[in-house]
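Trainee: Hi, do you have a moment to go through a structure with me?
Mentor: Sure, put it up and we'll take it piece by piece.

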Amino acid sequence: MNRGKKVKNGLKKVGREVFLADGDWSSTPFYAVIEQRWKNNKSDFEFSETEIGRVSADYYTYIGPYNHNILALSDNACLYADGVKYIFRKRDAAKLQNEVLFYSGILRRVWESDLC
């Protein structure tokens with residue numbers, strides 16, 4: 001078994017069911033880890049102004065399997081998990097000796113007032 005498949009099996013144990021959508025295309029459901037991420041000084045997250053001050057949107061770290069290439073998606077692609085919509089702000093592939101082990105990224109939760 002290759003290393004990417006081992007990571008994929010681990011994601012099935014600890015992740016949750018998600019799927020990708022890009023235009024009219026939707027992926028089959030698969031397992032990925034999505035964890036809320038809190039802003040720190042070195043993060044390049046956007047702020048929005050509210051009546052009570054500046055706040056950052058909800059950002060999450062994404063780790064997904066090797067066989068769902070998020071780098072091939074358009075900038076309009078979305079990820080859905082538990083009925084919640086997310087967009088990718090950053091995307092990357094973790095490789096070892098030219099083998100993709102998993103994909104990672106930063107997601108931003110999309111609220112009903114946002115466009116995706």
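Mentor: Let's go from the overall make-up to the core, the aromatic pairs and a few loop residues.

Trainee: Sounds good. What kind of model is this, to begin with?
Mentor: This is a predicted model, so please keep that in mind throughout.

Trainee: Okay. How many helices and strands does the chain have?
Mentor: There is one helix, and there are nine strands. Starting at the N terminus, the order is α-β-β-β-β-β-β-β-β-β.

Trainee: And how much of the chain is buried?
Mentor: Of the 116 residues, 34% are buried. As for the surface, the chain exposes about 7,800 Å², with 47% of that supplied by carbon and sulfur atoms.

Trainee: What about contacts between residues far apart in the sequence?
Mentor: If you take the contacts with a separation of 6 or more, 56% are between residues 24 or more positions apart.

Trainee: Let's go inside. Which residues touch the most other members of the largest nonpolar core?
Mentor: That core has 19 residues, and Ile34, Tyr62, Leu79, Tyr86, Phe88 and Leu107 are the ones with the most other members in touch. At least two core residues come from each of strand 1 (16-22), strand 3 (30-37), strand 6 (59-65), strand 7 (78-81), strand 8 (84-96) and strand 9 (99-110).

Trainee: Which strand gives the most?
Mentor: Strand 8, with four residues in this core.

Trainee: Is there a general idea behind a core like that? What do nonpolar side chains tend to do?
Mentor: In soluble globular proteins they tend to be buried together.

Trainee: Back to Leu107, then. What is it in contact with?
Mentor: Setting aside neighbours within four places in sequence, Leu107 is in contact with Ile34, Asp58, Tyr59, Tyr60, Tyr62, Leu79, Tyr86, Ile87 and Phe88. In the strand pairing, Phe88 stands opposite Leu107 of strand 9.

Trainee: Is strand 9 largely enclosed or largely open?
Mentor: Largely enclosed by the rest of the structure, because nine of its twelve residues are buried.

Trainee: And how does strand 9 pair with strand 6 and strand 8?
Mentor: Strand 9 runs antiparallel to strand 6, and seven bridges join them. One bridge to look up there has Tyr59 with Arg108 of strand 9 as its partner. With strand 8 the pairing is also antiparallel, and that one extends over eleven bridges.

Trainee: What sits between strand 8 and strand 9?
Mentor: They form a hairpin with two residues between them. Gln97 is in the turn, and its phi is positive, about 55°, although Gln97 is not a glycine.

Trainee: Is Gln97 buried or exposed?
Mentor: Exposed, because its relative accessibility is 68% and the cut-off for exposed is over 50%.

Trainee: Where else should I look for a positive phi?
Mentor: Try Asp82, another residue other than glycine, with phi near 55°. Asp82 is in the loop between strand 7 and strand 8, and it is exposed as well, at 58% relative accessible area.

Trainee: Changing topic: how many aromatic pairs are there?
Mentor: Three. In one of them, Phe19 and Tyr80 have ring centres 5.0 Å apart and planes at 15°, so that pair is stacked. Phe19 belongs to strand 1 and Tyr80 to strand 7, 61 residues apart, so to speak a link between distant parts of the chain.

Trainee: How exposed are Phe19 and Tyr80?
Mentor: Phe19 is partly exposed at 31%, and Tyr80 is partly exposed at 23% relative accessibility. Another pair is Tyr62 with Phe88, which is edge-to-face, with 5.4 Å centre to centre and 90° between the planes. This pair too links distant parts of the chain, with Tyr62 in strand 6 and Phe88 in strand 8, 26 residues apart. Both Tyr62 and Phe88 are buried.

Trainee: Last one: where is Ser27, and is it buried or exposed?
Mentor: Ser27 is in the loop between strand 2 (25-26) and strand 3, and it is buried, with a relative accessible area of 10%.

Trainee: What does its side chain reach?
Mentor: The Ser27 side chain reaches the backbone nitrogen of Leu20 at 2.9 Å. Apart from neighbours within four places in sequence, Ser27 is in contact with Phe19, Leu20 and His68.

How values were computed:
Residues are numbered from 1 along each chain as its sequence is written. This is a predicted model: local features need pLDDT of at least 70, side-chain atom pairs count only at pLDDT 80 or more; totals for chains, interfaces and linings use all residues. Side-chain values use heavy atoms; hydrogens and water are left out. Buried means under 20% relative accessible area, exposed over 50%, partly exposed in between (1.4 Å probe, protein chains only). Contact means heavy atoms within 4.5 Å. Accessible areas come from the Shrake-Rupley method with a 1.4 Å probe; for residues, only the protein chains shown count as cover. A nonpolar core is a set of buried Ala, Val, Leu, Ile, Met, Phe, Trp, Tyr and Cys residues joined through side-chain atoms within 4.5 Å. Rings of Phe, Tyr and Trp (its six-membered ring) pair if their centres lie within 6.5 Å; planes under 30 degrees apart count as stacked, over 60 as edge-to-face and the rest as tilted. A polar contact is a pair of N or O atoms within 3.5 Å; within protein, one must be able to donate a hydrogen and the other to accept it, and residues adjacent in sequence count only if both atoms are side-chain atoms. Two strands pair if DSSP finds at least two bridges between them.
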